[in-house]
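Colleague: Please pick one part of this model and take me through it closely, with every cut-off spelled out. I'd like the strands and what packs on them, then how that part sits with the rest.

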Amino acid sequence: MVLKAFFPTCCVSADSGLLVGRWVPEQSSAVVLAVLHFPFIPIQVKQLLAQVRQASQVGVAVLGTWCHCRQEPEESLGRFLESLGAVFPHEPWLRLCRERGGTFWSCEATRRQAPTAPGAPGEDQVMLIFYDQRQVLLSQLHLPTVLPDRQAGATTASTGVLAAVFDTVARSEVLFRSDRFDEGPVRLSHWQSEGVEASILAELARRASGPICLLLASLLSLVSAVSACRVFKLWPLSFLGSKLSTCEQLRHRLEHLTLIFSTRKAENPAQLTRKANTVASVLLDVALGLMLLSWLHGRSRIGHLADALVPVADHVAEELQHLLQWLMGAPAGLKMNRALDQVLGRFFLYHIHLWISYIHLMSPFVEHILWHVGLSACLGLTVALSLLSDIIALLTFHIYCFYVYGARLYCLKIHGLSSLWRLFRGKKWNVLRQRVDSCSYDLDQLFIGTLLFTILLFLLPTTALYYLVFTLLRLLVVAVQGLIHLLVDLINSLPLYSLGLRLCRPYRLADKPTALQPRGAHLPPPQLWLPPQALLGRPVPQAVPWGAHLPLEAERGQAGLRELLARPAPPHGHGQPSALPGWHQLSWRVSRALWTLLCAPEHRRPCYHTLGLEVIGSEQMWGWPARLAALHHWHCLPWDPLPTCCGHHGGEHSSPRCPEHCPMPTLRTQVQRVRPPQQPQVEVALPWLWGWRDLPRMNPPSPRHPLAPSAEQHPASGGLKQSLTPVPSGPGPSLPEPHGVYLRTFPAEVAL
Amino acid sequence: MEDERSFSDICGGRLALQRRYYSPSCREFCLSCPRLSLRSLTAVTCTVWLAAYGLFTLCENSMILSAAIFITLLGLLGYLHFVKIDQETLLIIDSLGIQMTSSYASGKESTTFIEMGKVKDIVINEAIYMQKVIYYLCILLKDPVEPHGISQVVPVFQSAKPRLDCLIEVYRSCQEILAHQKATSTSP
């Protein structure tokens, strides 16, 4: 029988004495917690052990003797140590001996019942294992005390030896509270015996933090109550609040501060880490903001900036005018329709003229505005960056307007074209049945329809070109804003505290062994998902073209989402995850945005304005023109109603994202729906669309997407229907009845 | 007790296997990989420096030469610290677990410890490695959810890559210990 003795490294150089610890009979291991030195009075020792047992619920006892002397112990010492075995009865009795200044160790374990004849099967072999008490305590790999089948001091056999050791050491903290400067009846040696670890600053901070937290928490609750009042929910303010990223960021920061200064203690290490990360991020933010403030306000840089701003705006407007002149001529050698060209060009030129006059009106106030904006940097660099992004959005508002006009025109044209094309073929869209039916038109209807069709068709290149040019410009602006928002998100979500711990005290970040992990059908909370590679929280891809800004992803309990990098699955469909560098992601996002702009879903369907899910009716899927026909840009206009997603908010949202668990398949709820695997089809379908990094229990999707629209004809529904299987209604009951075709959103894939 | 034998790895290099038998329930196997050969080091250094000299004659910028020297030095240090593994050790303790240590040429050691409760079995597996079929020893870990499933396969001696004869020696010893452990764990 092998007996394992866990010995703390701090006691290796301690003087001779008694071994105090706990014996775990199931694993036949002895965990030594401390060494009790001579001289002692046995009664007092027993009293102390009883006290510790009561306070910590750990069966602490005297396990044996520890001898640290110059050479082999003399006869008298040997007999004395043996007699101690009679005073403190314990089975088995450990005898550890170390030669001072040498490397000779001797370990014996004797049992009273079995005869201790050498070679008898009753003799135990001792395996001595050293453990670092300090690191074991601080690594917090402790059994949670909330397991239902726990008894005080008992461990189940399945938890394993090491879990028992960690548990014992952790719960015996009472024993470690006395150090050698305490005047107690006994003298102990353990990891804190040289002095209990504490720092004055930490203690002071802890004492002071109580009332400070209370005060700040009340202040913050006041602020949040004010901001939640009804005035801000009325139309103009709520709309502004949702569109401006500054308000979003301020709200975010308010949440963070509320978390930090909440008077509730963190219940588990994960929450503590979260709080600490938030504190670190806020501190970094404010520090960077103050640096920016000092840089801006020194040497009248604001003046220079303000002076440079208006000429830059003028220059941009001039460049736009040149661009329009170029379009009105023969751009890239294409021959435009002269009349339409002139009309559109003049229309846009007039807008630019208006815009320039507005800028000139505003120019005296620019410096003041910039000065105040610079002041806001003391709230944090993120606020300043969000303000910058908003200023860019406001300054390039004319580009946005041009994009909207071009898009509307193009959309109208495409709808008209598609409808008239159907007329040309003798078909009609049946609204009742939601499909294309044949129809017999009158002759004059056919005549006029064909005429209009021809007109629209030949005017298409002009409109398409304007649309393309302005969309690219808008994408440029959006890309710049996206970069700024990326930076803001990085500062918001970088877990500096964890990074610092990993560099300086790696044992604090030990992972939970499987015996300690929560098990069961429920999902683990998001913060336990942290895969080590994704230390930098990446924002989930936003709906880039929809809306005037890129909404920041709020971190409300969605830490798990952040860790999932959206990556484009390679065109040939391997499920192997690989991390993309940041610029790859951005270019991917831009190309994806372009793709979704050109091939957005049909406007009659409820639209899911997220970059992944595109539901296209089956009858529309015959080639590029039909896909172009299914454009929808209603939501790019500010006065359009936001997509109503669910009934339980009364359909009103101040932001296009539904924070609650909402059947509308926005980005967030997609995640929440996929996780409990209901139907394998949905699980396999969605990774293609979202580009999951790695789902825990997922087989890599098959190389060919099972629901890919292949070119074979569906026998049951004739005509030009592609073969589609309606996807079961995984992503949400608000989907219309199964037209559900999930298209892969890669430009390379869609060529049908 | 201790004994040492020499084997060869899959590319033909010499490996030394040191077996230490501490007790019926505790064994250690130590595989030493061939050291960094002077020939390959000289070859790489000469290539890099010749390339740098070629660039220098094109660009007439002497920074290229110093940059090449720095790159060579840093590359060598990085290689010794992060890539070149000198020794791989496998320590099996019956009741505690299995520990794998890799020590790098710069002295760095990286350790992995697997509790015995998680270990299902140790097997020799075949794998297709480039154009070869090789054998490797691996530890199968239990799946906490499914009792007969395997959650993970942990290969051992990944950088030494010994051949089958060496693996059989290690495998036999490990199986003895695992059998011993199962016998003692099932008996109360």
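Modeller: Here is a walk through the sheets of chain B and the helix across them, followed by the chain contact and two details of chain A.

First the bookkeeping: this is a predicted model, where local features need pLDDT of at least 70 and side-chain atom pairs count only at pLDDT 80 or more, while totals for chains, interfaces and linings use all residues. Residues are numbered from 1 along each chain as its sequence is written, chains are lettered from A and ligands numbered from 1 in the order written, and side-chain values use heavy atoms, leaving out hydrogens and water.

Chain B has an open sheet of six strands in the order 1-2-3-4-5-6, with antiparallel pairing. Strands here are DSSP E runs of at least two residues, helices are H or I runs of at least four, and numbering starts at the N terminus; two strands pair if DSSP finds at least two bridges between them. At the edges sit strand 1 (2-8) and strand 6 (109-115) of chain B, each pairing on one side only. From one strand to the next, the twist averages 15°; axes are lines fitted to C-alpha atoms (for helices, over the stretch in contact), with angles from 0 to 180 degrees between N-to-C directions. Zooming in on the strand 1 edge, strand 1 of chain B pairs with strand 2 (residues 14-23) of chain B over seven bridges in the antiparallel sense. Within that pairing, B:Asp3 stands opposite B:Arg19 of strand 2.

Now for what packs on it. Helix 3 (residues 164-186) of chain B lies across strand 1, strand 2, strand 3 (26-32) and strand 4 (85-93) of chain B, at about 165° to strand 3; contact means heavy atoms within 4.5 Å. Helix 3 of chain B also lies across strand 7 and strand 8 of chain B, this time at about 160° to strand 7.

Those last two strands belong to an open sheet of three strands in chain B, ordered 7-8-9 with antiparallel pairing. Its edges are strand 7 (119-129) and strand 9 (150-156) of chain B, each paired on one side only. Neighbouring strands in this sheet are turned by 35° against each other on average, direction ignored. Strand 8 (residues 132-142) and strand 9 of chain B share six bridges in the antiparallel sense, and B:Ile139 stands opposite B:Val154 in strand 9.

As for the neighbour, chain A and chain B bury about 820 Å² between them, 68% of it on carbon and sulfur atoms (accessible area lost on being put together, 1.4 Å probe, summed over both). The contact takes 11 residues from chain A and nine from chain B. Salt bridges between the chains come to zero, with the cut-off being a Lys or Arg side-chain nitrogen within 4 Å of an Asp or Glu carboxyl oxygen.

Over all chains, though, the structure holds 14 salt bridges. One that links distant parts of chain A is A:Glu108 with A:Arg95, whose closest N and O atoms are 2.5 Å apart; A:Glu108 is in strand 6 (residues 105-110) and A:Arg95 in strand 5 (residues 93-99) of chain A, 13 residues apart.

Chain A also has a hairpin made by strand 9 (residues 427-430) and strand 10 (residues 435-438), paired antiparallel over four bridges. Four residues lie between these strands of chain A, and A:Gln434 in the turn has a positive phi of about 55°.

Note on methods:
Buried area = accessible area lost by both parts, 1.4 Å probe.
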